[in-house]
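Here are my notes on the model, in numbered points. Please have a look at the structure first, and then read on.

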Amino acid sequence: MKTYFTRPLFLTLFLISATLSSCHPTHFTVGKGDQQHQVVKSRNKFLVLGLVHVGTAPDPTILSNHATDYKITVKLTFADVLLNAITLGVYSPITVEVTY
């Protein structure tokens, strides 16, 4: 007895897991964390599905205005995913958010 739903179901689950695997944000706390609740956003730029880094990474010390206490959040936003999808993975940005 053959099951005709096994291959499409497997393919669907694989595509969902592959596209949603990196949506979890990563937080780093420096010192006591954010004190003034000011947020500065920047983009870290990658090519070829994130394999090749372009330019320099945003410096959290400069983004936090040389504060000693801040929080760094690295996450994929909707705009990042949209740019990645439009360019078919050629350009893959990721958002870096510094709260100080």
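1. Let me start with the charges: K41, K75 and E97 are linked in a network of salt bridges (a salt bridge being a side-chain nitrogen of Lys or Arg within 4 Å of a carboxyl oxygen of Asp or Glu). Do keep in mind that this is a predicted model, where local features need pLDDT of at least 70, side-chain atom pairs count only at pLDDT 80 or more, and totals for chains, interfaces and linings use all residues. Residues are numbered from 1 along each chain as its sequence is written, and side-chain values use heavy atoms, with hydrogens and water left out.

2. Within that network, E97 meets K41 at 3.8 Å, N to O. E97 belongs to strand β5 and K41 to strand β2, so this pair ties together parts 56 residues apart in sequence (helices, H or I of at least four residues, and strands, E of at least two, are DSSP runs numbered from the N terminus). E97 also pairs with K75, at 3.4 Å, N to O; K75 lies in strand β4, so here the parts tied together are 22 residues apart in sequence.

3. How exposed are these partners? E97 is buried at 12% relative accessibility, K75 is partly exposed at 25%, and K41 is exposed at 58% (buried means under 20% relative accessible area, exposed over 50%, partly exposed in between, with a 1.4 Å probe and protein chains only).

4. The count comes to 3 salt bridges. One of them joins D80 and R43, with the closest N and O atoms 2.7 Å apart. D80 sits in helix α3 (residues 78-86) and R43 in strand β2, so the pair ties together parts that are 37 residues apart in sequence. D80 is buried, at 1% relative accessibility, whereas R43 is partly exposed, at 31%.

5. Now for the core. The largest nonpolar core has 6 residues: L63, Y70, I72, V96, V98 and Y100 (such a core is a set of buried Ala, Val, Leu, Ile, Met, Phe, Trp, Tyr and Cys residues joined through side-chain atoms within 4.5 Å). The elements giving two or more residues to this core are β4 (70-75) and β5 (94-99). Beyond its neighbours within four places in sequence, V98 touches residues including V39, P60, L63, Y70 and I72 (contact means heavy atoms within 4.5 Å).

6. Finally, the overall picture: the protein has 3 helices and 5 strands, in the order α-β-β-β-α-β-α-β from the N terminus. Of its 100 residues, 20% are buried.
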